[in-house]
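Please open your viewer and keep the sequence panel beside it, since this tour moves from one selection to the next.

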Amino acid sequence: MVKDEVLILVDKGEMLPLMEEFYTIQGEGFHKGTAAYFIRVGGCDVGCHWCDVKESWNAETHPPTEIVQIVENASKYSNTIVVTGGEPLMWNMDPLTDALKAKQLHTHIETSGAYPLTGKWDWICLSPKKNKLPKTEIYKKAHELKIIVYNRHDLIFAEEEAAKVGEDCILYLQPEWSMREKVIPLIVDYVMQNPKWKVSLQTHKYLNIP
Ligand SMILES: C[S@@+](CC[C@H](N)C(=O)[O-])C[C@H]1O[C@@H](n2cnc3c(N)ncnc32)[C@H](O)[C@@H]1O
Ligand SMILES: Nc1nc2[nH]cc(C(=O)O)c2c(=O)[nH]1
Ligand code: SF4
Ligand SMILES: [Mg+2]
């Protein structure tokens, strides 16, 4: 395919810059402990200084891949597909989720919400970032809110963001990995004082799995 054709297809979301895909156990949030197939789409300009997948940021380093190929492969492994990145909402997610849904697969997304919501999702994990806040429309659609706690101030940010989600949205505080020893005590105290919050850990990192 010539370069311009590829760009047009990526623009429509019919091809996506695919960084990696893997069958593992969802490590975080509400579905932690459940086997799922992960599709990691390249490209993110949110710029979290502690991001644990900075290699995802530059979309140009990840090959544009056809949706049919991604879905065909994913469907062999699991009926739950987690789309993450990078920031998946930088791309039009409609073609990918239409194709996943056509195979009766459950679609989950991990997103900062910094770009317009596209795609049909059975589960939306919204993880807002201070440097590029979510678009207004996604807050009421999120099934879980997952705030990364790097320092004490993030607990204030967590409350500001929790005020924007729907009543049934499940609220999580997740320690930033490199600061876990320092912030876990803060999170534990906070959750006991404010039991509307729950703790989320990156359990895959303790299990030594992707
Ligand atoms: C790598 S991001 C990709 C999806 C999307 N860009 C986002 O931030 O939600 C996947 C999840 O990992 C979280 N995360 C990234 N780096 C982390 C770290 N160092 N410690 C804890 N959680 C982290 C993000 O907040 C997000 O919930
Ligand atoms: N096992 C596992 N669970 C995860 N939950 C969210 C992840 C992500 O990077 O989006 C992730 C990940 O990278 N691995
Ligand atoms: S929004 Fe997600 S992928 Fe982008 S820098 Fe932040 S944690 Fe990393
Ligand atoms: Mg991860």
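What follows is a walk from the whole chain to its sheet, and then to the ligands.

This is a predicted model, in which local features need pLDDT of at least 70 and side-chain atom pairs count only at pLDDT 80 or more, while totals for chains, interfaces and linings use all residues. Residues are numbered from 1 along each chain as its sequence is written, and chains are lettered from A and ligands numbered from 1 in the order in which they are written.

**The whole chain**

Begin with the protein chain in cartoon view, where you can find 7 helices and 9 strands; helices (H or I, at least four residues) and strands (E, at least two) are DSSP runs, numbered from the N terminus. The radius of gyration is 17 Å, close to the 17 Å that the globule rule gives for 210 residues, so the chain is as compact as a globular protein of that length; this radius is taken over C-alpha atoms, and the rule is 2.2 Å times the number of residues to the power 0.38. Along its principal axes the C-alpha trace spans about 55 × 30 × 30 Å.

**The sheet**

Next, select the strands, which form an open sheet of 9 strands in the order 3-1-2-4-5-6-7-8-9, with mixed pairing; two strands pair if DSSP finds at least two bridges between them. Strand 3 (64–66) and strand 9 (197–199) stand at the edges with a single partner strand each, so one side of each is left without a neighbour in the sheet. From one strand to the next, the twist averages 30°, with axes taken as lines fitted to C-alpha atoms (for helices over the stretch in contact) and angles running from 0 to 180 degrees between N-to-C directions.

Now select strand 2 (residues 35–41): is this strand mostly covered, or mostly open? Strand 2 is mostly covered, with 6 of its 7 residues buried, where buried means that 20 or more other C-beta atoms, placed from the backbone, lie within 10 Å of the residue's own. Strand 1 (residues 15–25) pairs with strand 2 in the antiparallel sense over 7 bridges, and there you can see Ile-25 opposite Ala-35 and Glu-20 opposite its bridge partner Arg-40. Strand 4 (residues 80–85) runs parallel to strand 2 and is joined to it by 5 bridges, with Thr-84 standing opposite Arg-40.

Then add helix 2 (residues 67–74), which lies across strands 1, 2, 3 and 4 and runs at about 5° to strand 1; contact here requires C-beta atoms, placed from the backbone, within 7 Å.

**The ligands**

Select ligand 1, which has 18 residues around it, with Asp-52, Glu-110, Ser-112, Ser-127 and Trp-177 coming nearest; a residue counts as near if its C-beta atom, placed from the backbone, lies within 6 Å. Strand 4, strand 5 (106–111) and strand 7 each give two or more residues to this shell.

Move on to ligand 2, whose surrounding residues include Thr-24, Ile-25, Thr-84, Glu-110 and His-204.

Finish at ligand 3, where the surrounding residues include Cys-44, Cys-48, Cys-51, Ser-112 and Lys-129.

Definitions and conventions. A residue is buried if 20 or more other C-beta atoms lie within 10 Å of its own, exposed if 12 or fewer, and partly exposed in between; C-beta atoms are placed from the backbone. Two residues are in contact if their C-beta atoms, placed from the backbone, lie within 7 Å.
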